[in-house]
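I sat down with this entry to look up its surface, its charged pairs, its rings and its core, and I kept notes as I went.

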Amino acid sequence: MILYCLLSGEFPFSGNNEADIFAKINKGTFSFQDDLHLSKQSRDLINKLMCVDPKKRITIAEALKHPWFKL
């Protein structure tokens, strides 16, 4: 979530109230704004880091080896 905030300047989850926001966080429901100019690699890394299922989420060691860091 921090990487999303740093690169986009906004929070990945929004809603009409706290319950709505927390529901989106629990489901991992977020999207990138259409006018947000992020590279394919940064979007891929963010998606992998914000995966709700810990078994599918990449580890920090895997994240540090991601192609985005080699740009």
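**Surface patch**

I began on the outside, where Ile2, Leu6 and Leu7 make a nonpolar surface patch of about 320 Å². I note here that the model is a predicted one. Of the patch residues I looked up Ile2, which lies in helix 1, residues 2-8, and which is exposed, with a relative accessible area of 64%.

**Salt bridge**

How many salt bridges does a search of the whole structure find? I found one listed, and its partners are the side chains of Asp44 and Lys48, which meet at 3.2 Å, N to O. I then checked their places in sequence: both residues belong to helix 3 (residues 40-49), and because they are four residues apart there, about one helical turn separates them. As to exposure, Asp44 is partly exposed at a relative accessible area of 29%, and Lys48 is likewise partly exposed, at 35%.

**Aromatic rings**

Next I turned to the rings, and I recorded five aromatic pairs in the structure. In the pair of Tyr4 and Phe30 the ring centres are 5.9 Å apart and the planes stand at 85°, so I entered this pair as edge-to-face. Which parts of the chain does this pair tie together? Tyr4 lies in helix 1, whereas Phe30 lies in the loop between helix 2 (18-27) and helix 3, so the pair ties together parts that are 26 residues apart in sequence. Both partners came up as buried when I looked at accessibility, Tyr4 with a relative value of 2% and Phe30 with 17%.

Another of the pairs is that of Trp68 and Phe69, whose ring centres are 5.1 Å apart and whose planes are at 70°, so this pair too is edge-to-face. Is Phe69 buried or partly exposed? I found a relative accessibility of 43% for Phe69, which counts as partly exposed.

I also looked for rings that belong together in a group, and found that Tyr4 and Phe30 share one aromatic cluster with Phe13 and Phe32.

**Core**

From the rings I went on to the interior. In soluble globular proteins, nonpolar side chains tend to be buried together. The largest nonpolar core here has 12 residues in all, and among them are the four rings Tyr4, Phe13, Phe30 and Phe32, together with Leu3, Leu36, Leu38, Leu45, Ile46, Met50, Ile58 and Ala63. When I asked which elements give two or more residues to this core, the answer was helix 1 and helix 3.

I followed one core member, Phe30, through its contacts: leaving out residues up to four places away in sequence, Phe30 touches Tyr4, Pro12, Phe13, Ile46, Asn47 and Met50.

**Two serines**

Finally I looked up two serines. Ser42 is found in helix 3 and is buried, with a relative accessibility of 2%. Which residues does Ser42 contact beyond its neighbours within four places in sequence? I noted Leu7 and Trp68; Leu7 had already appeared in my entry on the nonpolar surface patch, and Trp68 in the entry on its ring pair with Phe69.

Ser8, for its part, has its place in helix 1 and is buried as well, at a relative accessible area of 15%, because buried here means under 20%. My last look-up was a C-alpha separation: Ser8 and Ile46 are 38 residues apart along the chain, and their C-alpha atoms are separated by 11 Å.

Key
Residues are numbered from 1 along each chain as its sequence is written. This is a predicted model: local features need pLDDT of at least 70, side-chain atom pairs count only at pLDDT 80 or more; totals for chains, interfaces and linings use all residues. Side-chain values use heavy atoms; hydrogens and water are left out. Patches are made of residues with over 30% relative accessible area and no salt bridge: like charges are joined within 9 Å, nonpolar side chains (Val, Leu, Ile, Met, Phe, Trp, Tyr) within 5 Å. Accessible areas come from the Shrake-Rupley method with a 1.4 Å probe; for residues, only the protein chains shown count as cover. A salt bridge is a side-chain nitrogen of Lys or Arg within 4 Å of a carboxyl oxygen of Asp or Glu. Buried means under 20% relative accessible area, exposed over 50%, partly exposed in between (1.4 Å probe, protein chains only). Rings of Phe, Tyr and Trp (its six-membered ring) pair if their centres lie within 6.5 Å; planes under 30 degrees apart count as stacked, over 60 as edge-to-face and the rest as tilted. Contact means heavy atoms within 4.5 Å. A nonpolar core is a set of buried Ala, Val, Leu, Ile, Met, Phe, Trp, Tyr and Cys residues joined through side-chain atoms within 4.5 Å.
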